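Me: I would like to go through this structure with you and ask how each label is earned. Could you start with the terms and then work through the examples?

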Amino acid sequence: MTANVGTVDRAVRIAVGALLVLAALMGWVGAWGWIGVLLIATGIFRFCPAYLPFGMSTCSTNSPKAK
């Protein structure tokens, strides 16, 4: 698995995922709040399978920019 989730994307996924799981535990949202577990997992592993069909990646590249 090649990493395709960048630093900012990773932080947002983990934060939103944690909030969704917390909201599900507190009873503020229904069972759909457990989808936060998927967001946390994709943030931790830095890989999102949904990006593959579209060839997306939010990782930064170290290649020099063209002038």
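Reply: Happy to. A residue is buried when its relative accessible area is under 20%, exposed when over 50%, and partly exposed in between (1.4 Å probe, protein chains only). The model is predicted, so local features need pLDDT of at least 70 and side-chain atom pairs count only at pLDDT 80 or more, while totals for chains, interfaces and linings use all residues. Residues are numbered from 1 along each chain as its sequence is written, and side-chain values use heavy atoms, with hydrogens and water left out.

Me: Why is Met26 called partly exposed?

Reply: Its relative accessible area is 48%. That value falls between the two cut-offs, so Met26 is partly exposed. Met26 belongs to helix H1, residues 7-26; helices here are DSSP runs of H or I with at least four residues, numbered from the N terminus.

Me: What makes Asp9 and Arg13 a salt bridge?

Reply: The term asks for a side-chain nitrogen of Lys or Arg within 4 Å of a carboxyl oxygen of Asp or Glu. Here the N to O distance is 3.0 Å, so the pair qualifies. By this rule the count comes to one salt bridge. Both residues lie in H1, four residues apart, about one turn of the helix.

Me: Are those two residues buried or exposed?

Reply: Asp9 has 17% relative accessibility, so it counts as buried. Arg13, with a relative accessible area of 11%, is buried too.

Me: How do you know that the buried residues of H1 line one face?

Reply: The buried residues are Asp9, Arg13, Gly17, Leu20, Val21, Ala23 and Ala24. Seen down the axis they fall within an arc of 160 degrees, so they line one face of the helix; the arc is taken from the directions from the helix axis to the C-beta atoms. On the other side of H1, Thr7, Val8, Leu19 and Leu25 are exposed.

Me: What do the buried residues of H1 pack against?

Reply: They pack against H2, where contact means heavy atoms within 4.5 Å. In H2 (residues 36-45), the buried residues are Gly36, Thr42 and Gly43. These cover an arc of only 125 degrees around the axis, which puts them on the same side of H2. The face turned away from that buried side carries the exposed residues Leu38 and Phe45.

How values were computed:
Helices (H or I, at least four residues) and strands (E, at least two) are DSSP runs, numbered from the N terminus.
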